[in-house]
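This report covers selected salt bridges, the enclosed cavities and the confidence of one model. The structure comes first.

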Amino acid sequence: MKRKTYSEDELKELLGEFPKIEDKQNKENLYRSIEPKLNKRKRRIAPWITPSMATAAVLLILAIVLPVLLSSLPTNEYSGSADQEESSTESANESGRDQAETTEQKPSEIEDSSRNEDTTPSSDNNETESPFTLQDRSPDIESYVLPGKNGEVVVPFTVIKPGDQEDKNISSLVNPAEWGLAEDLIKDLTFNIDEERNQAEVIFPDNFSISGSAYTSIISESIRWKLYPYEVKNIKLQTESGSPVVLGNLGKIETLPVVEQNRYYYQIYSDQGSERQFLVPIKAERELSIQEALNRMKEKHTSNNVDSAVPNHVTFSSVAVEGSVLTMTVEHESWASDQQLMMMIDAVLATAKNFGFNEVIFDNINHEINSFYNLNEPIPVPTFINPIDMNE
């Protein structure tokens with residue numbers, strides 16, 4: 001439909017037809033009713049409140065979030081650097097104090113320090129002590145020999161007698177059972193040693209008798225090894241009445257060959273019932289070179305009480321002879337203990353002595369091991385082996 005339009009006059013006429021509306025309210029009453037609304041002011045918010053509330057909200061959020069963030073950071077770096085700085089400062093201060101104290105050291109203190117250094121034990125070979133060998137002679141030292149527990153070997157050792165018992169019979173001091181050894185088979189023999197003439201006389205009781213090749217071998221070897229440290233060249237045997245000695249299957253004999261006439265290499269003897277270990281000479285069945293003897297020292301012996309003196313990880317890569325000095329280059333891995341190294345060195349030294357050498361040079365041995373020897377210098381061969389100190 002088309003919308004109807006009105007003219008101005010028509011609109012006036014329509015408006016005139018509306019009923020007349022009059023406000024009959026009293027003006028005063030009307031004013032009083034609207035006056036409270038006119039006087040009521042609109043509450044305004046202070047301009048600083050909104051930013052303050054926003055700041056407080058931010059701070060609250062930071063207080064909650066920051067501890068979490070800081071705990072996840074690698075704080076060790078910061079604390080470490082701070083500790084290092086503090087430690088460096090303290091170290092510098094202590095260093096300064098130490099230097100000052102050293103500078104202010106009294107002359108008497110310096111002399112005492114020098115004396116202490118002079119009395120510090122030297123690493124020279126002359127002062128070397130080893131648990132398996134001895135270099136020096138003294139009146140309170142005596143050579144002794146006992147068979148192995150099963151008679152398979154003879155074990156030479158050295159008894160260091162107590163100072164108040166130098167003249168006491170040595171047989172009363174030894175304890176074979178405690179050391180894992182057999183009873184003494186030559187305790188009834190008398191040994192007269194003439195060191196000036198390099199000879200020894202062994203006196204047998206007239207009623208002395210033995211049977212069996214095993215006992216014969218043990219007795220003859222025991223005599224030879226008892227005299228070995230004294231470097232005798234002749235060993236004479238006789239009975240108390242001056243007759244030749246009947247020594248088992250050897251028959252009547254008047255002399256014995258010295259140890260040096262045969263070749264021996266050393267291994268380690270120990271019995272399960274004893275903690276003590278001994279270097280023990282093993283007689284070669286034929287003439288050996290020193291290189292062959294060193295290699296034999298790595299082999300297992302037929303006896304359960306005898307072990308190799310040289311560990312399997314050791315190789316003597318070169319062996320050189322110059323006069324009475326034996327030089328060897330030792331290739332090795334880690335040593336099981338200081339004792340393992342010491343046993344090997346002592347066994348090699350004892351073997352070298354049997355081959356006529358006076359000194360041994362060990363090249364290429366790890367110096368981290370706390371050896372009794374100065375491995376940078378030639379080491380003299382031992383005079384006695386297997387010392388047992390009765391003073392302990």
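Glu221 and Arg224 lie 3 residues apart in helix α7 (residues 213–227), which means that about one helical turn separates them. In this predicted model, their side chains form a salt bridge with an N to O distance of 2.5 Å. Glu221 is buried, at a relative accessible area of 11%, and Arg224 is buried as well, at 4%; the cut-off for buried is under 20%.

The structure has 8 salt bridges. The table lists some of them, including the pair in α7.

| Salt bridge | N to O distance | Relative accessible area, basic residue | Relative accessible area, acidic residue |
|---|---|---|---|
| Arg224–Glu221 | 2.5 Å | Arg224, 4% | Glu221, 11% |
| Arg286–Glu292 | 3.5 Å | Arg286, 43% | Glu292, 31% |
| Lys300–Asp307 | 3.5 Å | Lys300, 55% | Asp307, 35% |

In the pair Arg286 and Glu292, Arg286 is partly exposed, and Glu292 is likewise partly exposed. Lys300 counts as exposed, while its partner Asp307 is partly exposed.

Arg224 also takes part in a cavity lining. The second largest cavity holds about 30 Å³ of space, and its lining consists of Arg224, Leu227, Tyr228, Glu231, Val232, Ile235, Val258, Val259 and Glu260. By class, that lining has 6 nonpolar and 3 charged residues, with no polar ones.

How many cavities of 30 Å³ or more does the structure hold? There are 2. The largest encloses about 100 Å³. It is lined by 14 residues, and those closest to its centre are Tyr228, Pro229, Thr383, Phe384 and Ile385. Tyr228 also appears in the lining of the second largest cavity.

Three elements, β3 (154–160), α9 (338–354) and β17 (384–385), each contribute at least two residues to the lining of the largest cavity. Strand β3 contributes the most, with 3 residues. The lining is made up of 10 nonpolar, 3 polar and 1 charged residue.

Confidence varies along the chain. The average pLDDT is 78, and 70% of the residues score at least 70. Strand β5 (residues 199–204) has the highest confidence, with a mean of 97, whereas helix α5 (residues 107–119) has the lowest, with a mean of 40. Over residues 74–128 pLDDT stays under 50, and the model has 14 contacts beyond four places in sequence for this stretch. Where pLDDT is low, predicted coordinates should not be read in detail.

Conventions. Residues are numbered from 1 along each chain as its sequence is written. This is a predicted model: local features need pLDDT of at least 70, side-chain atom pairs count only at pLDDT 80 or more; totals for chains, interfaces and linings use all residues. Side-chain values use heavy atoms; hydrogens and water are left out. On a 1 Å grid over the protein atoms alone, a cavity is a set of points where a 1.4 Å probe fits but cannot get out, and a pocket is an open set with protein on both sides within 12 Å along at least five of seven lines; lining residues have an atom within 4 Å of a point. Grid points are joined across faces, edges and corners, and a volume is the space filled by probe spheres set on the points. Helices (H or I, at least four residues) and strands (E, at least two) are DSSP runs, numbered from the N terminus. Ala, Val, Leu, Ile, Met, Phe, Trp, Tyr, Cys and Pro count as nonpolar, Asp, Glu, Lys and Arg as charged, and the others, Gly among them, as polar. pLDDT is the predictor's confidence in each residue, from 0 to 100. Contact means heavy atoms within 4.5 Å. Buried means under 20% relative accessible area, exposed over 50%, partly exposed in between (1.4 Å probe, protein chains only).
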